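Biologist: I have the sequence and the model open side by side, and I'd like to go through a few spots with you. Could we start with a strand and then move around?

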Amino acid sequence: MSQGPRSGLAAVSSALLAMSRHLEVRDVLKTIVASARELLDAQYAALGVPDDHGGFAQFVVDGVSDEQWKAIGPLPRQHGILAAMLQDAKVERLADVRKDPRFEGWPSAHPDMSDFLGLPIRDGDEVIGALFLANKNCPKPEGSCGFTEEDEELLGILAQHAAIALTNARLYERSRELTIAEERSRLAHELHDAVSQKLFSLRLTAQAATALIDRDPSRAKGELHQVAALAAEAADELRAAVVELRPAALDEDGLVATLRTQIQVLDRAHTARVTFAGRGVKALPSAQEEAVLRVAQEALHNALRHSAAEQVDVTLDRRGSGAVLRVTDDGSGFDPKAVRRAGRHLGLVSMRDRASGVGGALTVESAPGKGTTIEMEVPGG
């Protein structure tokens with residue numbers, strides 16, 4: 001095996017386990033590259049996923065700083081040694097890549113590389129990537145390659161598992177895309193069936209009221225009352241559709257964008273003004289993001305349905321590595337103790353359970369005629 005600092009079965013096992021922990025394609029690619037460089041004790045490693053246009057759909061590197069990578073410029077094309085690995089699907093182990101007749105140079109900011117080990121990543125007969133390492137960290141006699149046959153064999157084993165990890169990650173992302181598409185379709189269907197029918201009835205009733213306003217004001221007044229009732233029902237249907245939206249949107253858009261979108265919808269659907277501000281919040285663990293979203297939805301439902309609020313403000317602020325959600329309304333308020341004694345919790349028990357379930361805490365401040373503030377704090381990951 002390689003003479004690097006992490007040679008042997010334990011190092012191989014560690015690299016394979018690291019690859020299996022990730023489901024996002026980009027994360028899998030980064031883990032493969034970092035594992036390969038560490039396992040074979042190389043100075044540089046890279047992995048390119050080819051596209052169908054002579055370039056790379058994705059290209060990740062390890063051993064190069066962000067500043068160096070930006071200075072290098074655009075992603076490489078499929079030429080030289082990279083093209084040979086992709087087209088011929090064979091291993092390339094070279095003492096000095098710069099002396100190979102296929103070498104076509106690199107940008108001025110590119111790090112200098114000599115000894116080279118690269119091989120294709122294959123899924124059956126399809127080449128789905130090219131993995132290579134350069135500059136083995138070991139003494140290299142003149143004209144010899146630092147990478148050995150054992151390194152080549154080890155990288156081949158890693159590449160086989162990398163193909164499995166990359167294929168699984170692609171399947172996961174495709175499955176997630178289908179789930180999001182299905183969720184959007186479901187929401188569109190519900191909005192069409194529930195809300196559009198209410199709006200159609202509302203339009204007809206409003207037209208009837210307009211026709212009656214001069215010749216029969218009393219009947220017109222009744223029709224206008226019906227308009228108000230239908231408008232309220234349509235708003236409730238819209239709110240229900242939004243609240244029941246499963247948090248698949250969290251995976252695609254993140255917590256801040258999901259909250260902002262839903263609050264914009266509620267602001268349009270209700271007479272109360274509903275605002276949102278998100279400040280400096282980093283991504284949270286998925287369970288915490290879902291809990292924050294559900295608590296926000298429940299608090300908004302209470303404020304818009306029960307408090308007769310004219311203004312509801314939602315903020316999500318960073319606190320340490322975690323976040324603080326705050327939902328404040330200027331509505332009628334209530335006595336939390338009296339509500340609890342009466343057995344009417346307004347969802348408070350559910351919200352507290354969601355907060356504590358992810359290691360967070362929920363506080364409620366309210367008084368009759370003083371509005372309500374619900375605050376939820378969750379720790380970071």
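Biologist: Along strand β9, which side chains point to one face and are buried, and which point to the other?

Modeller: Keeping in mind that this is a predicted model, the side chains of β9, residues 361-366, alternate, with Leu362, Val364 and Ser366 pointing to one face and buried, while Ala361, Thr363 and Glu365 point to the other face and are not buried. In a regular strand the side chains alternate between the two faces of the sheet.

Biologist: And in what sense does β9 pair with β10, and over how many bridges?

Modeller: β9 pairs with β10, residues 372-378, in the antiparallel sense over six bridges, and Ala361 has Glu377 of β10 as its bridge partner. Five residues lie between the two strands of this hairpin, where Gly369 takes a positive phi near 80°.

Biologist: Switching to helices, what span should α8 have, and how far apart are its ends?

Modeller: Helix α8 has 15 residues, 255-269, which at 1.5 Å a residue should span 21 Å, and its end C-alpha atoms are 21 Å apart, so the two values agree.

Biologist: Which residues of α8 are buried?

Modeller: The buried ones are Leu255, Thr258, Leu259, Gln262, Ile263, Leu266 and Ala269. They cover an arc of only 120° around the axis, which means that they sit on the same side of α8.

Biologist: What about α2, how far does that one reach?

Modeller: Helix α2, with 16 residues from 25 to 40, reaches 23 Å from its first C-alpha to its last, close to the 22 Å expected at 1.5 Å a residue. Its buried residues include Val25, Val28, Leu29, Ile32 and Leu40, and just after α2 comes Asp41, which takes a positive phi of about 55°.

Biologist: Now Ser114: where is it, and is it buried or exposed?

Modeller: Ser114 is in the loop between β3 (92-94) and β4 (116-123), and it counts as buried because its relative accessibility is 19%, with the cut-off for buried being under 20%. Leaving aside neighbours within four places in sequence, Ser114 is in contact with Leu94, Ala95, Asp96, Val97, Arg98 and Asn135.

Biologist: Last topic, how much space lies in the largest pocket, and which residues are closest to its centre?

Modeller: The largest pocket holds about 510 Å³ of space, and of the 28 residues that line it, Pro76, Leu82, Trp106, His110 and Phe132 are the closest to its centre. The elements giving two or more residues to that lining are β1 (42-50), β2 (56-62), α3 (66-72) and α4 (80-88).

How values were computed:
Residues are numbered from 1 along each chain as its sequence is written. This is a predicted model: local features need pLDDT of at least 70, side-chain atom pairs count only at pLDDT 80 or more; totals for chains, interfaces and linings use all residues. Side-chain values use heavy atoms; hydrogens and water are left out. Helices (H or I, at least four residues) and strands (E, at least two) are DSSP runs, numbered from the N terminus. The expected span of a helix is 1.5 Å times one less than its number of residues. Buried means under 20% relative accessible area, exposed over 50%, partly exposed in between (1.4 Å probe, protein chains only). The arc is that of the directions from the helix axis to the C-beta atoms. Two strands pair if DSSP finds at least two bridges between them. Contact means heavy atoms within 4.5 Å. On a 1 Å grid over the protein atoms alone, a cavity is a set of points where a 1.4 Å probe fits but cannot get out, and a pocket is an open set with protein on both sides within 12 Å along at least five of seven lines; lining residues have an atom within 4 Å of a point. Grid points are joined across faces, edges and corners, and a volume is the space filled by probe spheres set on the points.
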